[in-house]
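Reader: Could you take me through this model and tell me what the labels rest on? I'd like the cut-off each time, not just the verdict.

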Amino acid sequence: MLKFLKILLRTVEVSFIVFVFFIGSLFFREQAVPAAWVEAAVARVAPACVVVRVESFAFGFRRGIVIEGLRVFERLRLLPQEPLASADRIVVDVFGRHLLVEGARYPRLPDSYYAPENNERNAPVEAMLPTLPRFALTLVRPDILGAAPERVVADVEVSARRASFARVHLDWPPDGDEPMFLDGFCTVDLERQEVCGEVRGSARQSHIRPLLVALDIPASLPYMDAFTEVPVKIPAACAWRVNLVNNDFNMDLDLDPTLGKYNGVPMKRATGQLHLFVYTRGTSLNYHHVFGPIVGTGPKDEPLEGTVTVDGTNGYNTVTVTAKSLLPVADLLKIGGFVGDYVDSDVHGDAECALEFRFPRAMTNNYEVLNGKGRLSIRDGQLMRLRGFKGLVAQLAERVPGVSWFTDSTQGSCDYVIENGILKSNNIYIEGTVFSIKMYGQFDTVRDALDFTVRVQFTKKDSLVGKILHPLTWPFTKLLLEFRLTGRSDSPTWEYLSVIDRVLNVGDEGK
């Protein structure tokens, strides 16, 4: 018995010495653990639908825990073979309280966020976080929902129901001598059932645009892409909030670019705000996006302001636009997204509009499903210099002397409705110094077919003289100066409908 105890004590002593040497060696080397052991241990605590794979796992005192090639999969995803999240390397410095993650990637939100039809969720997230003392986090070359700075640092503190990321700092490679960075915070609060955060600093469109792509907000991309040739960094601010109970997503983005162009139009400044709201109600994924107010100035300090609102509800998009501008009419058309040479570049105008369009969310170029309404007015717009009115000006020049008065200073207004792709209006007015025009009819956008009756009047519709003389001059106008506008939008045809030549011939015969 005594011999057995001596052997046992000797064994313990040797084991202790080996253990001490083993522990001591970890100051100079790292101990590898089979990846299968790690994956099996994670599988015991992770949900059944989550699969974790690692290329290697090792630990030591010098660097701490080192995980290579981490990949997390979710079996229930549409593409389960693509990682839900991954990282090239994770280093946990336990004693230094520092977490280093290289090449972290989280490419997209859960599939339910992108589904055209969904089930409304109304259940809180029930989870308990591990309580951890404050530690430093460093992300090197991460790609989180398209946002891919060079480095991210933050102070992290985790309790059972809250994780806070304070003093967050994102760095991009310098743009010349200009540093590019964002500073802010992020909080995951399970008591309030929300994730919120905010960052401020300076960035480029290329830094922000991939995030909007990953969040599947295509309506915001034309707004972003319209800014070009911005020579200096853009002051930017972004705030977001996610409701964990129903997955409502809110994001506000402020951009303040100076100089550069917007849809090819030189701008001295164009300050814009984006409010993005995505939510599920019933079985429909909906959104409410507000682009604006956009406040800008042209190269000659011409003011521009406007707002675009996009609502997606029950499979339909509704777009409303309000805008005011003193920019040249040609530039205003370009800013609005129209292409082509519609008007002389020096034609200015004081424009104001309120427009609304409604169409199915999946609409491409099928204008038969386009509906809408709106009002447009332009003052001092010299509208008769629009390319489409050249035929009318030529017709008038043959019959009315001094028609240049008509083209020098004009203003216009109209109300319209769009029914299944056909734009209709019965009160298109264009007014000049002496003459005015009333147009009524329709434009079939599906067949690109114009069909308008155009009447030239000798007085403005709202002037005192016009109110007095219009009943007297209407028969003469109806008889002498009426036209029909047909053809395509890019090649309109003007047809003279009056019988003025016949009247003149009768007069000559009677002399």
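Author: Let's start with the sulfurs: a disulfide is a pair of cysteine sulfur atoms within 2.5 Å, and by that rule the count is zero. Keep in mind that this is a predicted model, where local features need pLDDT of at least 70, side-chain atom pairs count only at pLDDT 80 or more, and totals for chains, interfaces and linings use all residues. Residues are numbered from 1 along each chain as its sequence is written, and side-chain values use heavy atoms, with hydrogens and water left out.

Reader: Why is cysteine 353 called buried or exposed, whichever it is?

Author: Buried means under 20% relative accessible area, exposed means over 50%, and partly exposed lies in between (1.4 Å probe, protein chains only). Cysteine 353 has 16%, so it counts as buried. Cysteine 414 has 14%, so it is buried too. Across the protein, 40% of the 511 residues get that label.

Reader: What does the protein expose in area?

Author: About 28,100 Å², with carbon and sulfur atoms supplying 60% of it. Those areas come from the Shrake-Rupley method with a 1.4 Å probe, and for residues only the protein chains shown count as cover.

Reader: How confident is the predictor in the protein on average?

Author: pLDDT is the predictor's confidence in each residue, from 0 to 100. The protein averages 78, and 76% of the residues score at least 70. Among its elements, strand β10 (residues 151-159) has the highest mean, 95, and helix α10 (residues 500-509) the lowest, 45. Over residues 501-511 the pLDDT is below 50, and beyond near neighbours in sequence that stretch has one contact in the model. A contact means heavy atoms within 4.5 Å. Where pLDDT is low, the predicted coordinates should not be read in detail.

Reader: What makes a run a helix or a strand?

Author: They are DSSP runs, numbered from the N terminus: H or I over at least four residues for a helix, E over at least two for a strand. By that count the protein has ten helices and 30 strands. In helix α4 (residues 205-214), the buried residues are Gln205, His207, Ile208, Leu211, Leu212 and Ala214. An α-helix has 3.6 residues a turn, so residues three or four places apart point the same way. Just after α4, aspartate 216 takes a positive phi of about 60°.

Reader: How do you know that β25 and β26 pair, and how many bridges join them?

Author: Two strands pair if DSSP finds at least two bridges between them. Six bridges join β25 (residues 411-419) to β26 (residues 422-431), so by that rule they pair, and they run antiparallel. Isoleucine 418 stands opposite leucine 423 in β26. The two strands form a hairpin with two residues between them, and asparagine 420 in the turn has a positive phi of about 50°.

Reader: Which strand does β26 pair with over eight bridges?

Author: Strand β27 (residues 436-444), also in the antiparallel sense. There, the bridge partner of tyrosine 429 is lysine 438.

Reader: What makes β14 and β18 edge strands?

Author: Three strands form an open antiparallel sheet in the order β14-β17-β18. β14 (227-228) and β18 (265-266) each pair on one side only, and that is what puts them at the edges. Strand β17 (residues 261-262) has two bridges to β18, and tyrosine 262 stands opposite valine 265.

Reader: Back to burial: which label does arginine 167 get, and which does glutamine 193?

Author: Arginine 167, in strand β11 (residues 162-175), is at 66%, so it counts as exposed. Glutamine 193, in the loop between β12 (178-189) and β13 (194-203), is at 8%, so it counts as buried. Neither is glycine, yet phi is positive in each: near 50° for arginine 167 and near 55° for glutamine 193.

Reader: What joins the side chains of asparagine 317 and tyrosine 287?

Author: A polar contact of 2.4 Å. The term covers a pair of N or O atoms within 3.5 Å; within protein, one must be able to donate a hydrogen and the other to accept it, and residues adjacent in sequence count only if both atoms are side-chain atoms. Asparagine 317 lies in strand β22 (residues 316-325), and its relative accessible area of 8% makes it buried. Not counting residues up to four places away in sequence, asparagine 317 touches several residues, including Asp311, Phe357 and Arg361.
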